[in-house]
Amino acid sequence: MSQHTPGPWKQHDQGRTVVQERAAFDLVIANLSEPDHGSRIANARLIAAAPEMYAILQTVAEFHDLAQQENDPILLTFTRKAKVLLAQIDERNRAVEIEGQ
């Protein structure tokens with residue numbers, strides 16, 4: 001399965017692009033064309049935060065077994081949601097991989 005480009009990702013060009021900064025060149029992750037400057041910046045910030053959010057979801061999901069053992073309903077809710085989101089992300093990655101073959 002393909003993996004996402006590692007972070008950190010940063011917004012550039014007043015939110016027009018999100019890039020992974022590299023020594024030789026910036027790798028473009030996303031181009032945003034939203035005409036509203038405020039919305040474009042907000043979208044760029046959200047996209048740029050994606051690798052960190054993914055890592056947090058993975059960390060939360062790791063506590064699922066403990067949440068079950070402790071029968072902690074709040075922690076169970078969060079760990080289940082994290083696992084569902086991770087599965088959706090992984091499934092979408094697989095779908096893109098299959099489509100590209």
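**Entry 1: Getting started**

Before anything else, I note that strands are DSSP runs of E with at least two residues, numbered from the N terminus. With that in hand, I can place P8 in the segment before β1 (10–12). I also remind myself that this is a predicted model.

**Entry 2: The whole chain**

I looked up the secondary structure and found four helices and three strands. Reading along the sequence, I wrote down the pattern β-β-β-α-α-α-α. The chain has 101 residues, and 23% of them are buried. I then checked the accessible surface, which comes to about 7300 Å², with 54% of it belonging to carbon and sulfur atoms. Among contacts with a separation of 6 or more, 38% are between residues 24 or more positions apart.

**Entry 3: Some backbone angles**

Most residues other than glycine have a negative phi, and most peptide bonds are trans. I went looking for exceptions. The peptide bond joining G7 and P8 is cis, with omega about 0°. D13 is not a glycine, yet its phi is positive, about 50°. I found D13 in the loop between β1 and β2 (17–20). N71 is another non-glycine residue with a positive phi, near 50°. N71 sits in the loop between α3 (64–70) and α4. Is N71 buried or exposed? Its relative accessibility is 59%, so N71 counts as exposed.

**Entry 4: T17 and its partner**

From D13 I moved on to T17, which lies in strand β2. The side chains of T17 and D13 make a polar contact at 3.3 Å. T17 counts as buried because its relative accessible area is 10%, and the cut-off for buried is under 20%. Leaving out residues up to four places away in sequence, T17 touches K10, Q11, H12, A30, N31 and L32.

**Entry 5: The nonpolar cores**

In soluble globular proteins, nonpolar side chains tend to be buried together. I looked for such groups here. Which residues make up the largest nonpolar core? I listed six: W9, V18, A30, L32, A44 and A48. I followed L32 a little further, again skipping residues up to four places away in sequence, and its contacts include V18, A44 and I47, as well as R40. There is also a second, separate core of five residues, including Y54, L57, A61 and A82.

**Entry 6: A charged residue under cover**

R40 came up among the contacts of L32, and I wanted a closer look. R40 belongs to helix α1 (residues 37–48). It is buried but has no salt bridge. Why is there no salt bridge to E34, the nearest side chain of opposite charge? The distance to E34 is 7.4 Å, and a salt bridge needs the side-chain nitrogen within 4 Å of a carboxyl oxygen. The backbone of E34 does meet R40, though: the backbone oxygen of E34 is 3.1 Å from a polar atom of the R40 side chain. Not counting residues up to four places away in sequence, R40 touches Q14, G15, R16, L32, E34 and P35.

**Entry 7: L75, towards the end**

My last stop was L75 in helix α4 (residues 73–100). L75 counts as partly exposed because its relative accessibility is 26%. Apart from neighbours within four places in sequence, it is in contact with F63 and A67. I also compared L75 with V60: they are 15 residues apart in sequence and 8.8 Å apart in space, C-alpha to C-alpha.

Terms used
Residues are numbered from 1 along each chain as its sequence is written. This is a predicted model: local features need pLDDT of at least 70, side-chain atom pairs count only at pLDDT 80 or more; totals for chains, interfaces and linings use all residues. Side-chain values use heavy atoms; hydrogens and water are left out. Buried means under 20% relative accessible area, exposed over 50%, partly exposed in between (1.4 Å probe, protein chains only). Lys and Arg count as positive and Asp and Glu as negative; His and the chain ends are not counted. A polar contact is a pair of N or O atoms within 3.5 Å; within protein, one must be able to donate a hydrogen and the other to accept it, and residues adjacent in sequence count only if both atoms are side-chain atoms. Contact means heavy atoms within 4.5 Å. A nonpolar core is a set of buried Ala, Val, Leu, Ile, Met, Phe, Trp, Tyr and Cys residues joined through side-chain atoms within 4.5 Å. Accessible areas come from the Shrake-Rupley method with a 1.4 Å probe; for residues, only the protein chains shown count as cover.
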